[in-house]
Amino acid sequence: MKEKDIVCKINVFDLSEVAGPVRHLVEEAISATERSYAPYSHFCVGAAIRLDNGEIVTGANQENVAYPSGTCAERSACFYAHARYPEAKFVEIAIAARGCDGKLVADPISPCGACRQALLEYEVLAGKGVTVWLVGRDKVYQLPSVASLLPLAFTDF
């Protein structure tokens, strides 16, 4: 038997350290939480994707009483991005959430497994790592790629 270590380095920033184009992307993700439809969970998630054509596409979670008919913010954004700009490649994504109290969550959240797999497919289409920014009230995590969120992912497509 062999043992294999799976390691992912995460850069941790104070929110105040994030500047320039990344700050704009983060603010777009935070703003997208306001367009969430979450009457059941009251957990509002927003995502913003920067494409290689310079466009930023956002999405927000959309719940439905006929669970699981809704969709997460990340898939809302990535499906719309590819439908709107099918030739553009994903460069980076920021994800933010507001809790039941209406405030940005203290610690960054990460995408669910279905969103990780969906985003990974667009990373494969991009041909390189798509930087992931996970946003909390006081700190932001930077990951080098979607694949770093989904070790041993299914990529045989």
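These legends go with a set of close-up views of one predicted model.

**View 1. Six strands side by side make one open sheet.**
If you walk across the sheet from one edge to the other, the strands come in the order E1-E6-E5-E4-E2-E3, and their pairing is mixed. The two edge positions go to strand E1 (11-14) and strand E3 (56-60). Each of these has a single partner strand, so one of its sides is left without a neighbour in the sheet. On average, neighbouring strands here are turned by 20° against each other, direction ignored. As background, strands of a sheet pair through backbone hydrogen bonds, either parallel or antiparallel.

**View 2. Strand E2 is joined to E3 and to E4.**
Here we zoom in on strand E2, which covers residues 44-51. E2 and E3 run antiparallel and are joined by 5 bridges. For a landmark on that side, find Ala47, which stands opposite Gly59 in E3. E2 and E4 also run antiparallel, and 8 bridges join them. A handy landmark there is Ile49, which stands opposite Ile93 in E4.

**View 3. Strand E4 is largely enclosed by the rest of the structure.**
Strand E4 takes in residues 90-98. How many of the residues of E4 are buried? The count is 8 of the 9, so the strand is largely enclosed by the rest of the structure. Arg98 is part of this strand, and Arg98 is buried too, with a relative accessible area of 14%. Measuring from C-alpha to C-alpha in the model, Arg98 and Val140 are 14 Å apart in space, while 42 residues separate them in sequence. E4 also pairs with strand E5 (residues 131-135), in the parallel sense and over 4 bridges. To spot that pairing, look for Ile95, whose bridge partner in E5 is Leu134.

**View 4. The largest pocket holds about 370 Å³ of space.**
This pocket is lined by 20 residues, and the closest to its centre are Asn61, Glu63, Tyr67, Thr71 and Cys72. Which helix gives the most to the lining? That is helix H2 (residues 73-84), with 3 residues. Sorted by class, the lining has 10 nonpolar, 7 polar and 3 charged residues.

**View 5. A cis peptide bond leads from Tyr67 to Pro68.**
Stay with Tyr67, one of the residues closest to the centre of the largest pocket. The peptide bond from Tyr67 to Pro68 is cis, and its omega is near 10°. Pro68 has its place in the loop between E3 and H2.

**View 6. The largest cavity holds about 40 Å³ of space.**
Searching the whole structure turns up 1 cavity of 30 Å³ or more. The lining of the largest cavity is made of His82, Pro86, Ala88, Lys89, Phe90, Tyr122, Leu125 and Ala126. Helix H3 (residues 113-126) supplies the largest share of that lining, 3 residues. By class, the lining divides into 6 nonpolar, 1 polar and 1 charged.

**View 7. The cysteines form 0 disulfides.**
A quick reminder: a disulfide is a covalent bond between the sulfur atoms of two cysteines. A search of the whole structure finds 0 of them. Why is Cys8 without such a bond? The closest cysteine sulfur, in Cys112, is 18 Å from the sulfur of Cys8, which is too far for a bond. Cys8 is partly exposed, with a relative accessible area of 31%. Cys115 is in no disulfide either, and its nearest cysteine sulfur, that of Cys112, is 3.7 Å away. The cut-off for a disulfide is a pair of sulfur atoms within 2.5 Å. Is Cys115 buried or exposed? Cys115 is buried, with a relative accessible area of 0%.

**View 8. His42 has a positive phi.**
The last view picks out His42, in the loop between helix H1 (20-32) and E2. The phi of His42 is about 60°, a positive value, although this residue is not a glycine. At 43% relative accessibility, His42 counts as partly exposed.

Conventions:
Residues numbered from 1 in each chain as written. Predicted model: local features only at pLDDT ≥ 70, side-chain atom pairs only at ≥ 80, totals over all residues. Heavy atoms only, no water. 1 Å grid on protein atoms, 1.4 Å probe; cavity = no way out; pocket = protein on both sides within 12 Å on 5 of 7 lines; lining within 4 Å. Points joined across faces, edges and corners; volume = space filled by probe spheres on them. Nonpolar A, V, L, I, M, F, W, Y, C, P; charged D, E, K, R; others polar. Buried < 20%, exposed > 50% of the residue type's maximum accessible area, 1.4 Å probe, protein only. Pairing = 2+ DSSP bridges. Axes fitted to C-alpha atoms, helices over the stretch in contact; angles between N-to-C directions.
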